[in-house]
Amino acid sequence: VQGTSPLSDVFKNDYWGRPMQSESSHRSWRPLTVLSFRYLKGLYSVSQLTMHRCVNTITHAAVAEVVGILATRLFSPSSHQDSLLLKVITKIAFALHPTHVEVTANAANRNHIMALLFSTILCDPQCPLQFFCIALIAGFLCSETFLFQVPAAMVTLIVMQYYRKRRMSSTQGDAQPQQSFISVAVDYLLAAGQILPRLLFMMMAVGLYLGGRAYFDTLNIPEGLIRPAENPFYNFRGQHRIRNYMYILAIHVAKSWGVDPIGFSHEYGYECVPALKDWNDPRLLLPYGVGALLLMSWVAVFVFPRTLLGPVAIHWAWLLTLFPVSGFVKVGTFISDRIVVASTVSVSWWIGAGLWIWLTRVKHRLPAIPLQFILIGWFMTVSYMKVHHRSLQWMDSISLLESSLATCPRFAKAQMEMSKIYSGLYPDKFNLRLARKHLETARDIDPDMCDLHQQFAYVAIQEGNYLEYEEELTQAVLCPFTLGGAFPMWQQYWQAALNSASTQEKMTELLQRKEKYTRIIQEAVEAAQRNEANEQKKESPIVGWK
């Protein structure tokens, strides 16, 4: 990102600069996104964060434009004025979706919006083939989530081609208003045959991507990097896992529909969403309700296949971009707005089409016409205010964490981050009493969260409590998530402490304590090496459900 390392490292390392084969890597291979940070950082004389947020916003606006254009391809307005109205309404519906705030305000989430830009470009059968191929390759270079967007793009591409073919037939007087489900399905297969080279190229690209990642052993996230603090349901098995991931998946579907059943938080971690203990938990009404609605959509398809098969298939295909949070594959993500963004593409189309039809095709008496615009204006204003409020929260760490704790008071990681703010991250907020209070709360919630040791050490040394500092810092060295920062501090501390010993008695006492903590570290390293030797088996990206 800084431009100081060789360009080849961009393709060898993950998103955070670690070697892809490293056991500390999350396997997030996103070279094109990294290059966008590297070469766009100095375009304007503003802060780097502001610049990166501007790039995210422009990319998001580009996706909204593509989504609006695709809406006109799907619903084929009869006039230029109707086409412009449909495109504008759809663009606004997409741009003001509340789940999009994270991918625009948080610069690090650019990969999601860049991948979506290229996947939506793939949906247009009128896109030139050369540009189509570039978009497909670029998508895989942006984010691993693009892999789950390719099937949605394929389904949308087929439906777009079917509608294009149907419009051409209708202009020639060959319209068939009454068709069975089978005949409509056959027409879709014929439409797919007309764009078969594109579909085959997409399938080949998916196969090559997966094959390459498997060959270099970068498909699977190491088990140790998936943490209960961030994904508390990961270790669930059997019916307990099925029940809880049904709920998690339903939350994401509801978010894509614009409904937030658990409230806004920039992260949802340990103890934020309590586990569902049995099948009588009333929260299961959410996945049952979502499932019933989705099944009813297919019942409607069999009744009105010509009208609904394409739209329903598109909606299901984009909902399948939520597969990473279904519990079948290893991911560190638990509940996240950024994962929802791709699934909102089809939702924006249906919102745009519904409002457009209501404005242009439904007959109203004269007094009802201004009422329509008032209601639509109210809907847009409410959406804007919600997005604006969330965006302001993302502009400041304190307000963002406060909103998370308002939604999830027992969110251990947010409690720890608040402790960092009061322990010196914001000098004007310095308050060691509050810093320790938040830390103690976090430890009560999640005593196994090893990241806490480093923050406890930081607070302790500022309080002058050196014995606690030594104990906590040693534990921070043993934590894989804080080892990189804690070990140099550990070395520097003992060097300074031994050099400052004023008496031989003091020196002896310090050496004994250092030897004690060194022995603890050595024993932990030896135990980890033994465990690693006993687990010399290749892990699978698919999670076991037994």
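In this predicted model, the buried residues of helix H19 are covered by a set of neighbours that includes helix H18 (412–425), helix H20 (452–463) and helix H21 (466–478). The residues in question are Leu-432, Ala-435, Arg-436, His-438, Leu-439, Ala-442 and Ile-445, so that list counts as buried on the basis of a relative accessible area under 20%. H19 itself runs over residues 432–445, and its 14 residues reach 20 Å from the first C-alpha to the last, close to the 20 Å expected at 1.5 Å a residue. At the start of this helix, Asn-431 gets involved through its side chain: one of its oxygens comes to within 3.1 Å of the backbone nitrogen of Arg-433.

Helix H15 (residues 344–360) can be described in the same terms. With 17 residues, H15 reaches 24 Å between its first and last C-alpha, again close to the expected value, here 24 Å at 1.5 Å a residue. Its buried residues are Thr-344, Val-345, Ser-346, Val-347, Ser-348, Trp-349, Gly-352, Ala-353, Leu-355, Trp-356 and Leu-359. Three of these names, Ser-348, Trp-349 and Gly-352, turn up again among the contacts of Thr-90, along with Val-67, Gly-68 and Ala-71, once neighbours within four places in sequence are set aside.

Thr-90 sits in helix H4 (residues 80–95). With a relative accessible area of 0%, Thr-90 is buried, because anything under 20% falls in that class. The side chain of Thr-90 has a polar atom 2.8 Å from the backbone oxygen of Leu-86. As for Ser-403, that residue is 313 places from Thr-90 in sequence and 29 Å from Thr-90 in space, C-alpha to C-alpha.

Turning to the nonpolar interior, the largest core holds 63 residues, and Leu-116, Phe-140, Met-202, Trp-318 and Trp-349 have the most contacts inside it. Helix H8 (residues 146–171) gives the most to this core, namely 12 residues. Phe-140 touches Trp-29, Phe-146, Leu-147, Val-150, Ala-205, Val-206 and Tyr-209, leaving out residues up to four places away in sequence. A second core, separate from this one, has 39 residues, with Tyr-247, Val-273, Leu-284 and Ile-398 among them.

Aromatic rings come next, and the count of pairs is 20. Tyr-215 and Phe-216 make an edge-to-face pair, with 5.0 Å between centres and 85 degrees between planes. Tyr-215 is exposed, at 68% relative accessibility, because the cut-off for that class is over 50%. Phe-233 and Phe-236 also have their ring centres 5.0 Å apart, but their planes meet at 25 degrees, so this pair is stacked. Phe-233 is buried at 2% relative accessibility, and Phe-236 is buried too, at 18%. Elsewhere, ring pairs join Tyr-469, Phe-487, Trp-490, Tyr-493, Trp-494 and Tyr-517 into a cluster.

Two arginines also sit over aromatic faces. Arg-30 lies over the face of Tyr-15, at 4.7 Å from the ring centre. Arg-243 does likewise with Trp-279, at 5.1 Å from the centre of that ring.

Definitions and conventions
Residues numbered from 1 in each chain as written. Predicted model: local features only at pLDDT ≥ 70, side-chain atom pairs only at ≥ 80, totals over all residues. Heavy atoms only, no water. Helix = DSSP H or I, 4+ residues; strand = E, 2+ residues; numbered from the N terminus. Buried < 20%, exposed > 50% of the residue type's maximum accessible area, 1.4 Å probe, protein only. Contact = heavy atoms within 4.5 Å. Polar contact = N/O pair within 3.5 Å; in protein donor to acceptor, adjacent residues only side chain to side chain. Core = buried A, V, L, I, M, F, W, Y, C linked by side-chain atoms within 4.5 Å. Phe/Tyr/Trp six-rings, centres within 6.5 Å; stacked < 30°, edge-to-face > 60°. Lys NZ or Arg CZ within 6 Å of the ring centre and 35° of its normal. Expected span 1.5 Å × (residues − 1).
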